[in-house]
Amino acid sequence: MTALMNHHRTPLFTALKNHAALNPVQFHIPGHKKGLGADSEFREFIGDNAFSIDLINIAPLDDLHQPTAVIKEAQMLAADAFGADYTYFSVQGTSSAIMTMILSVCSPGDKIIIPRNVHKSVLSAIIFSGAKPVFVSPAQDVNLGIDHGVTIQSIRRALERHPDAKALLVINPTYYGVCTDLKAIVELAHSYQVPVLVDEAHGVLIHFHEDLPLSAMAAGADMAATSVHKLGGSMTQSSVLNLNTKNGFVNPQRVQTILSLLTSTSTSYVLLASLDTSRRNLALHGHEIAQKAIDLAEFARRTINDIDGLYCFGKELLGTEATFNYDPTKVTIHVRHLGITGYETENWLREHYNIEVELSDMYNILCLITPGDTDESVNILLNALQDLSRTYYQVNPAHELVVKVPDIPQLMLTPRDAFYGDTEVIPFKESAGRIISEFIYVYPPGIPILLPGEVITQENIDYIIDHVEVGLPVKGPEDRSVTNVKVIVEADAIF
């Protein structure tokens with residue numbers, strides 16, 4: 001291990017502590033000046049240490065926008081830890097990292113192949129870039145009512161039809177922890193000279209344990225946006241963008257430029273320090289802390305599967321292209337057989353046990369077991385679920401599992417042209433055949449039903465209105481009641 005790659009070092013955090021210890025007289029922002037100008041109750045709660053390193057890009061502390069010193073060193077250490085050629089810190093979450101990936105390879109009019117169930121940051125980047133999305137449907141699980149990964153077969157079809165695509169974006173792992181055969185997809189895309197971008201928001205630990213799925217960098221992907229804050233111990237909104245430049249598809253200088261365009265010039269040194277120290281913890285102890293999380297999650301999974309009316313999927317789910325592997329620390333609990341919804345379960349756990357879950361949908365709740373969990377926290381969850389079963393099992397009739405998603409509509413305009421186009425507001429029920437100018441998502445399963453530039457069908461209208469009438473969350477449109485919708489006044493087709 002070279003001196004530079006000594007993972008016991010935290011160049012940025014150490015520089016911040018040393019600078020604060022000098023107690024300099026500050027005539028620069030932030031205006032709280034080591035907390036003295038802050039609200040007293042907040043200062044007392046947060047503590048003087050946090051305020052002392054809430055600093056700005058003065059010379060001794062380097063500059064995230066053009067790092068040459070301690071931030072550059074910290075990012076090089078992170079690249080070594082994540083198996084990347086370059087790693088960039090993001091203080092605006094994985095959303096900024098995802099947008100950077102797309103904007104660095106797509107120009108106006110370029111095609112990008114993406115799953116339909118992408119995070120909204122992907123769609124934001126498509127609007128900003130002016131790219132044309134080519135959608136691939138994720139595999140649906142008809143037993144659980146959730147979406148998994150995309151299949152190699154569906155990616156191959158998309159590449160055959162659109163060999164001029166400038167990028168392929170894959171979600172791996174999914175929110176529920178399920179992985180596709182990423183290595184095979186990367187090899188396929190590269191055979192078409194198409195770079196692979198990975199939304200790895202839920203996969204920071206997979207870099208550090210052989211029993212977890214293959215990471216994007218290990219699979220040969222070209223870029224991956226990874227949320228260190230979600231599972232890796234850093235503070236909320238701190239993430240990394242990992243680059244693999246060996247295949248020649250990625251220009252790191254271009255990526256740095258795009259990330260800088262999207263990033264505040266008042267970068268949070270508290271968040272940057274949490275990335276620097278989390279990298280140290282993961283590089284030195286990642287295997288051990290991942291093992292602890294895996295063991296706790298597997299114990300929870302076995303116990304849950306012994307509780308009447310509950311089911312938590314595991315390795316038995318594997319064996320298809322879309323379920324090639326999974327991260328066991330994502331504990332998805334299927335509650336349909338209790339005769340209640342995932343939403344009702346989330347509320348019940350909050351009201352009765354002060355438990356907050358990661359998400360709920362029609363049929364499931366998702367609980368994340370992380371290195372921050374203990375035997376005590378997991379046992380509280382298990383006791384609550386046993387009580388939930390006693391309360392509802394064979395009391396309510398089980399819901400029939402129905403997951404229907406309308407066909408992907410025809411894209412008539414780029415999302416950017418539709419989003420910024422001349423629009424009018426009309427009643428949603430009368431909008432069939434018109435080009436929509438806004439987003440409409442339905443939960444479950446969280447897949448966008450309509451995106452700017454797509455032609456509204458009667459099937460879309462019926463599906464969305466059915467969800468609104470039963471009180472399920474419909475998100476996206478400016479009119480929250482979805483009574484009216486913004487459509488394009490008129491437009492020419494792009495395809």
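The exercises below, each with a worked solution, deal with the helices, sheets and salt bridges of a predicted model.

**Exercise 1. Two helices side by side**

Describe how helix α5 and helix α6 pack, and state which residues make the contact.

Solution. Two packed helices are described by the angle between their axes and the distance between the axes. Start, then, with these two values: α5, which covers residues 93-105, and α6, which covers residues 120-129, pack at an angle of about 40°, and their axes are 9 Å apart. That angle makes α5 oblique to α6, because angles under 35 degrees count as roughly parallel and those from 65 to 115 as roughly perpendicular. Next comes the handedness, and here α5 passes α6 in a right-handed crossing. On the side of α5 the contact is made by Ser95, Ile98, Met99, Ile102 and Leu103, while α6 contributes Ser121, Val122, Ser124, Ala125, Phe128 and Ser129. Sorted by class, the contact of α5 with α6 has 7 nonpolar and 4 polar residues, and no charged ones.

**Exercise 2. A second partner for α5**

At what angle do α5 and α10 pack, and which residues are in contact?

Solution. The angle between α5 and α10 is about 130°, with their axes 9 Å apart. The two helices are therefore oblique to each other, since an angle must be over 145 degrees to count as roughly antiparallel. As to handedness, α5 passes α10 in a right-handed crossing. The contact involves Ser96, Met99, Thr100, Leu103 and Ser104 of α5, together with Arg254, Val255, Ile258, Leu259 and Leu262 of α10. The residues of this contact between α5 and α10 divide into 6 nonpolar, 3 polar and 1 charged.

**Exercise 3. The sheet of 7 strands**

Work out the order of the strands in the open sheet of 7 strands, find its edges, and place α6 and α10 on it.

Solution. Strands of a sheet pair through backbone hydrogen bonds, either parallel or antiparallel. In this open sheet the order is β1-β10-β9-β8-β6-β2-β3, and the pairing is mixed. At the edges stand β1 (86-90) and β3 (132-136), and because each has a single partner strand, one side of each is left without a neighbour in the sheet. From one strand to the next, the twist averages 20°. For one pair in detail, take β9 (residues 223-226) and β10 (residues 239-243), which run antiparallel and are joined by 4 bridges; Ala225 stands opposite Leu241 in β10. Now add the helices: α6 lies across β2, β3 and β6, running at about 165° to β2, whereas α10 (residues 252-262) lies across β1, β9 and β10, running at about 0° to β1.

**Exercise 4. The sheet of 3 strands**

Which strands stand at the edges of the open sheet of 3 strands, and which helix lies across it?

Solution. The order is β18-β17-β19, with antiparallel pairing. The edges are therefore β18 (448-450) and β19 (474-475), each with a single partner strand. Between β17 (residues 440-442) and β18 there are 2 bridges, and Ile440 stands opposite Leu450 in β18. Helix α15 (residues 458-469) lies across β17, β18 and β19, and runs at about 130° to β18.

**Exercise 5. A salt bridge within a helix**

Why are Glu187 and Lys183 separated by about one helical turn?

Solution. Both residues belong to helix α8 (residues 182-191), and because they are 4 residues apart there, about one helical turn separates them. Glu187 forms a salt bridge with Lys183, in which the closest N and O atoms are 3.0 Å apart. This distance fits the cut-off, since the nitrogen has to be within 4 Å of a carboxyl oxygen. By this rule the count comes to 14 salt bridges.

Conventions
Residues are numbered from 1 along each chain as its sequence is written. This is a predicted model: local features need pLDDT of at least 70, side-chain atom pairs count only at pLDDT 80 or more; totals for chains, interfaces and linings use all residues. Side-chain values use heavy atoms; hydrogens and water are left out. Axes are lines fitted to C-alpha atoms, for helices over the stretch in contact, and angles run from 0 to 180 degrees between N-to-C directions. A crossing is left-handed if the near helix is turned anticlockwise from the far one by less than a right angle, and right-handed if clockwise. Contact means heavy atoms within 4.5 Å. Ala, Val, Leu, Ile, Met, Phe, Trp, Tyr, Cys and Pro count as nonpolar, Asp, Glu, Lys and Arg as charged, and the others, Gly among them, as polar. Two strands pair if DSSP finds at least two bridges between them. A salt bridge is a side-chain nitrogen of Lys or Arg within 4 Å of a carboxyl oxygen of Asp or Glu.
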